[in-house]
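Here is a short note for a colleague opening this entry. The points below can be read with the structure alongside.

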Amino acid sequence: MELLRSNLSRVRIPEPTTRIYKHECCISYDTPKSEGGLFVDMNNFLAFGRDYVGWNYEKTGNPVYLHIKQTKKTDAEDRPFKKPTLLAIGLDGGFDNNEPQYEEVYQIVILPDNVTLPFPSVELPEKVRLAVDAISLAEGAERKEQLASWTADKKLVSKYATDLQQLDNGVAVPPVGWKCVKCDKTDNLWLNLTDGTILCGRKNWDGTGGNDHAVNHYRETGYPLAVKLGTVTADLEGADVFSYPEDESVIDPLLAQHLAHFGIDFSSLQKTEMTTAERELDQNINYDWNRIQETGEDVEPLFGPGYTGLVNLGNSCYLAATMQVMFSTRSFCSRYYSDQPLKAAFSTAPADPTVDLNMQLTKLAHGLLSGKYSVPVLEKDNTVNAAISQKQEGIRPRMFKSVIAASHPEFSTMRQQDALEFFLHFIDQVERINSGTPNFDPSRSFKFGIEERLQCSSGKVSYNRRNDYILSLNIPLEKAVNKKELAEFQKLKAERAAGGKELSADEIVRPRVSLKDCLDCFSAPEEVHDFYSTALKDRTTAIKTAGLTSFPDYLVLHMRKFVLEEGWVPKKLDVYIDVPETIDISSMRNNGIQPGEELLPDSAAGDGEQSIKILADEDIVAQLVSMGFNLLHCQKAAINTSNSGVEASMDWLLNHMSDPDIDAPISESVQNPDIDQSKVDTLVSFGFEEKLARRALKASGGDVEKATEWIFRNPSASTASDMDVTTSSGAAVDPLIPDGGGRYRLLGFVSHIGTSTQCGHYVAHIQKDGRWVIFNDDKVGVSKNPPLDMGYLYLFERLES
């Protein structure tokens, strides 16, 4: 006790706002349930596992710790199984995980001699008792940062419902016998609540569903709300009301009144149709969902190093799938596992290692690759199925998610996110923390150069270069290799529809496109309209081709499965991609200006075009804004792609969302002030490209020192492009960008299930030890039938010559 009293100055009583970690070690994934329990530093309130608490004592000198050990209680045999009534976790009525109950025991431990004192005890100093009480009663920082519950997005009240115009046109809707007024469809029917017209719903890509008559009626009339007939019953809350201008299912609080206007007595109606949400859920339990997750397969579970699952924190599968793929690469395994011990990362971390990305990446790497947390755990199921099954605990990447999302407002939420956007954000953050030691930067192994060649009608050419981490590919559906099967499927579908029958899931035929055709599409000539030619001093049409100036160690291919359908509504292409396990992209290499080519002249300071104010195309901007993008960002995208179209502008947006100057105001006109060439040469001698040097000097008022700082503060600035003015005579080679041959093997891929990147589920498949392995959150096992043709992101590893 005297030892404790002599160290009372190192004990603090936490304030209500103090961040207290008591659920997980900040260096490992040890918890109070672990064999050694958890030690909470009673000075800085960080938590450490048994093997790591000594490191904290060495670093801080803090000797007093609260040891927390949780022991599993014996469950009652007759513990009832609660059926969920709410799509939620952690809320009354939500899913009951039947989590076991634990008994918690506290002790006071004093280092370095591991002197232990029981708690509670009246003999303990009051300061210690108060500190322990505060810690035990406090909500852990881990849980404050990671919401304890999530629910499916709730439908909102439509802004069009309250003042909805309803025409007095004498329409009376009968209780049965409905049919689309423009075709013979008798199912999937929608009643427009303004004029009472009954029309069929949207057509799916495969021809199922309706014939788009209801949505086309909205486009013609602007009448906003429709209710799905067959979902209207005495329980109006279950009715499916859709708002076309809001493009989502909504609540109509005056639905009873709106139905009565057309003589509908909803109290006697029976449900005959699925709602939009029910249909989406039904589609999610279909052939593709089962195939991607390999549901129904007798999957052999895998354990040990490299086979650790990531527990879903609530819509975090995009993170789990992406990180499993990243840590299948040698570059990330070396940087954060084999070449960086946990102790080294902790010793160089700031006072709070939970906010240090280097520390949390090292923690994640050791958690995934050490095998410590990938061991079989026997678990007894609930009484519905009393069999004994094997599974692994996996790890919960809470601290990593918190720190990687700190600079991104979307990834810090509990909503589903796009795995592509997360990959780019993650790579950007890794590049930033390794900027001082670029030779050790693992993100560099993904980096490659893209060169675009533009030839205007004068015959002269311009070259534009940028660096990227992903090769984004269009999917040319017109190149489908199964056109005959698709035609036969359309015929079968028509016959079934005529007979009032539906197709089964395994009868549906989807377009199948080869990956080679997607790669060829990237390099194919493309017209660029309204291109300003410095040779003609006028706007003209140019021909653009693209290729790569270097081949990375790891090539990430992004399949553009999300396109814009009529009305600029984002839609997912339901298509299969034939992906071989080896590819050769050697033919895609570009080598800059070729013999006999003449470059477009540089823009002269007095060029009339230079003073023309650059304006973004209003139609392009409006279409992008309607998809939810920021107005300023949309204007920049249109300007930076020379108003060449919505698709090109969207590509620019996706590649530049994290630019440090993305929110900076747009300059009024293209300015090209005279820059001292000697200062440009100075920066070029430092290893920077001339274009980047000029941009930096312009941004810093011609000051070389400030320009250098600007470049380092804006690492993504080198990716910016200006297709109108950039010219170059050769293929600049960045010595820090890897390069090699063009032959690759497929290492892994991320698949997506769902109608958009903001919903659904992500799963990773990775080649390990000569076999395919499925990583479905915390479920890891041998993949018997990897869905190679259903990937969203593909990771290829370069084969050494």
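1. A residue is called buried when its relative accessible area is under 20%. In helix α5 (residues 213-221), the buried residues are H213, A214, V215 and H217. Their cover includes strands β8 (189-192) and β9 (198-200). Right after α5 comes G222, with a positive phi near 80°.

2. Please keep in mind that this is a predicted model. The protein has 801 residues, and 48% of them count as buried. It contains 22 helices and 30 strands. Take the contacts between residues at least 6 apart in sequence: 69% of these join residues at least 24 apart.

3. Start with the five-stranded sheet. It is open, its strand order is β2-β1-β3-β5-β6, and its pairing is antiparallel. Strands β2 (47-49) and β6 are the edges. Each has a single partner strand, so one side of each lacks a neighbour in the sheet. Ignoring direction, neighbouring strands are turned by 30° against each other on average.

4. Now look at one end of that sheet. Strand β1 (residues 38-41) pairs with β2 over three bridges, in the antiparallel sense. F39 has F48 of β2 as its bridge partner. Helix α3 (residues 126-137) packs on the sheet and touches β1, β3 (64-72), β5 and β6. The direction of α3 makes about 145° with that of β5.

5. What do β5 and β6 form together? They form a hairpin, with four residues between the two strands. In the turn, N114 has a positive phi of about 55°. Strand β5 (residues 102-110) and strand β6 (residues 115-119) are antiparallel and share five bridges. One of the pairs is I110 with V115 of β6.

6. Next, the four-stranded sheet. This one is also open, with the order β16-β15-β20-β19 and antiparallel pairing. The edge strands are β16 (461-468) and β19 (526-533). Each has a single partner strand, so one side of each is without a neighbour in the sheet. From one strand to the next, the twist averages 35°.

7. Within this sheet, strand β15 (residues 448-455) pairs with β16 over eight bridges, in the antiparallel sense. G449 stands opposite N467 of β16. Helix α16 (residues 515-523) packs on the sheet, in touch with β15 and β20 (538-548). The directions of α16 and β20 make an angle of about 140°.

8. Turn to the helices. Helix α12 (residues 357-369) packs with helix α14 (residues 419-433) at an angle of about 120°, and their axes are 10 Å apart. Why is this pair called oblique? Angles over 145 degrees count as roughly antiparallel and those from 65 to 115 as roughly perpendicular, with the rest, from 35 degrees up, being oblique; α12 and α14 are therefore oblique to each other. The crossing of α12 past α14 is left-handed.

9. Which residues make the contact between α12 and α14? From α12 come L357, N358 and L361; from α14 come F426, Q429, V430 and I433. By class, this contact has five nonpolar and two polar residues, and no charged ones.

10. Helix α14 has another partner, helix α9 (residues 317-326). The axes of α9 and α14 come within 9 Å and cross at roughly 55°. They are therefore oblique to each other. The crossing of α9 past α14 is right-handed. On the α9 side, the contact is made by Y318, L319, T322, M323 and M326. On the α14 side, A419, F422, F423, F426 and I427 take part. By class, there are nine nonpolar residues, one polar and no charged residues here.

11. Note F426 of α14. This residue appears in the contact with α12 and in the contact with α9.

12. Last, H656. This residue lies in helix α19 (residues 646-656). Is H656 buried or exposed? The cut-off for buried is under 20%. At 5% relative accessibility, H656 therefore counts as buried. H656 and L424 are 232 residues apart in sequence, yet 9.8 Å apart in space, C-alpha to C-alpha.

Note on methods:
Residues numbered from 1 in each chain as written. Predicted model: local features only at pLDDT ≥ 70, side-chain atom pairs only at ≥ 80, totals over all residues. Heavy atoms only, no water. Axes fitted to C-alpha atoms, helices over the stretch in contact; angles between N-to-C directions. Left-handed = near helix turned anticlockwise from the far one by under 90°. Contact = heavy atoms within 4.5 Å. Nonpolar A, V, L, I, M, F, W, Y, C, P; charged D, E, K, R; others polar. Pairing = 2+ DSSP bridges. Buried < 20%, exposed > 50% of the residue type's maximum accessible area, 1.4 Å probe, protein only.
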